[in-house]
Amino acid sequence: MVETLELQMNEYLPLRDVVFQTLRQAILRNEIKPGERLMEIHLAQKLGVSRTPVREAIRMLELEGLVTTIPRRGAVVAEITISDLEDVLEVRLALEELAVQNVCRRLTGEQLSQLEELADEFRATLNGDDVGACAQADMNFHDAIYNLTGNRRLVQILNNLREQMYRYRMEYLKDKDSHQILAEEHAEILQALKEHDEQKALEATSRHIARQKEHIIAELSRKEKENKDKTAKTR
């Protein structure tokens, strides 16, 4: 369990929601790792709250699929699975295609410059070793496209999906070979938007997500095999 866990206070939210958001971010950012137990007493002491908001927050995390209850073990952080990844990316692809189609029809020169600046900021992070900064710059680029749709409902759903994708995105960005590919894919999407070419934008978006899916599935499959091999050796 992460030792630096602190409440992300928000005076406008009930305490259970504050605890929920704090634990949710810790899980999404891999500070609380898959398979770790969420012990109410320990978390309550760590966060300086009673067990009740912790218990309620864990139930909320379970509804999101980030936590699962295992008999005789209690609540644990859900493993990152291929099935979950496929579900999330299937929805993300459909919504991102809708977003780029929308933006293609309405993009202005000023907005294009904004997207180009964000793409450059992402490229700048490739020179360092901060995977978190790289992930944030990648999200900033996509968030800007979502916001340019002007569709608040679409933005809200994609933002929620983005949080669920965070764990998978970090797995992808740990491989430095993926960085240049991502930068090139951003450039392809930008060019299609610049040309107001909806079909080209759809194809670029589809390739962008398909490559991530292929890479992350390969990595998850490798880890699953390693775990099975370790289990077999201990028997």
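Let me start with the second largest pocket: by class, its lining has five nonpolar, two polar and five charged residues. This is a predicted model, and everything I say rests on that. The space in this second largest pocket is about 180 Å³. The residues along its lining are L28, E64, G65, L66, A78, E79, D84, D87, V88, Q164, R167 and Y168. Two helices, α4, which covers 82-106, and α7, each supply at least two of those residues.

Now the largest pocket. Here the space comes to about 400 Å³. It has 14 lining residues, and the closest to its centre are P34, E79, I80, E171 and K223. The elements that contribute two or more residues to this lining are α7, at 152-173, and α9, at 198-234. Of the elements, α9 gives the most, with four residues. The class count is four nonpolar, two polar and eight charged residues. For anyone setting up charges there, E79, E171 and K223 are among the residues closest to the pocket centre. E79 also appears on the list for the second largest pocket.

Next, enclosed space. How many cavities of 30 Å³ or more does the structure hold? There is one. The largest cavity has about 40 Å³ of space. Its lining consists of R92, E96, Y146, L158, L161, R162, M165 and R169. Which element gives the largest share of that lining? The answer is α7, with five residues. Both α4 and α7 supply at least two residues each. By class, the cavity lining has four nonpolar residues, no polar ones and four charged ones. The charged ones by name are R92, E96, R162 and R169.

To place these sites, some words on the chain as a whole. Its secondary structure amounts to nine helices and two strands. Reading from the N terminus, the order is α-α-α-β-β-α-α-α-α-α-α. The two strands therefore follow α3 and precede α4, given that elements are numbered from the N terminus. The C-alpha trace spans about 55 × 50 × 30 Å along its principal axes. Of contacts between residues at least 6 apart in sequence, 72% join residues at least 24 apart.

On the surface and burial: the chain has 235 residues, and 42% of them count as buried. The accessible surface is about 12,800 Å², with 48% of it belonging to carbon and sulfur atoms.

That leads to the core. In soluble globular proteins, nonpolar side chains tend to be buried together. In this model the largest nonpolar core has 51 residues, and L23, L38 and L61 have the most contacts inside it. Once more α7 comes up, giving the largest share of this core with 10 residues. There is also a second, separate core of 19 residues, including A119, A144, I145 and I189.

To pull the thread on α7: this helix supplies at least two residues to the lining of the second largest pocket, and two or more to that of the largest pocket. It gives five residues to the cavity lining and 10 to the largest nonpolar core. As for α4, this helix supplies at least two residues to the second largest pocket and at least two to the largest cavity. That is what I have on pockets, cavity and cores.

Conventions
Residues numbered from 1 in each chain as written. Predicted model: local features only at pLDDT ≥ 70, side-chain atom pairs only at ≥ 80, totals over all residues. Heavy atoms only, no water. 1 Å grid on protein atoms, 1.4 Å probe; cavity = no way out; pocket = protein on both sides within 12 Å on 5 of 7 lines; lining within 4 Å. Points joined across faces, edges and corners; volume = space filled by probe spheres on them. Nonpolar A, V, L, I, M, F, W, Y, C, P; charged D, E, K, R; others polar. Buried < 20%, exposed > 50% of the residue type's maximum accessible area, 1.4 Å probe, protein only. Contact = heavy atoms within 4.5 Å. Areas by Shrake-Rupley, 256 points an atom, 1.4 Å probe, with all protein chains shown as cover. Core = buried A, V, L, I, M, F, W, Y, C linked by side-chain atoms within 4.5 Å.
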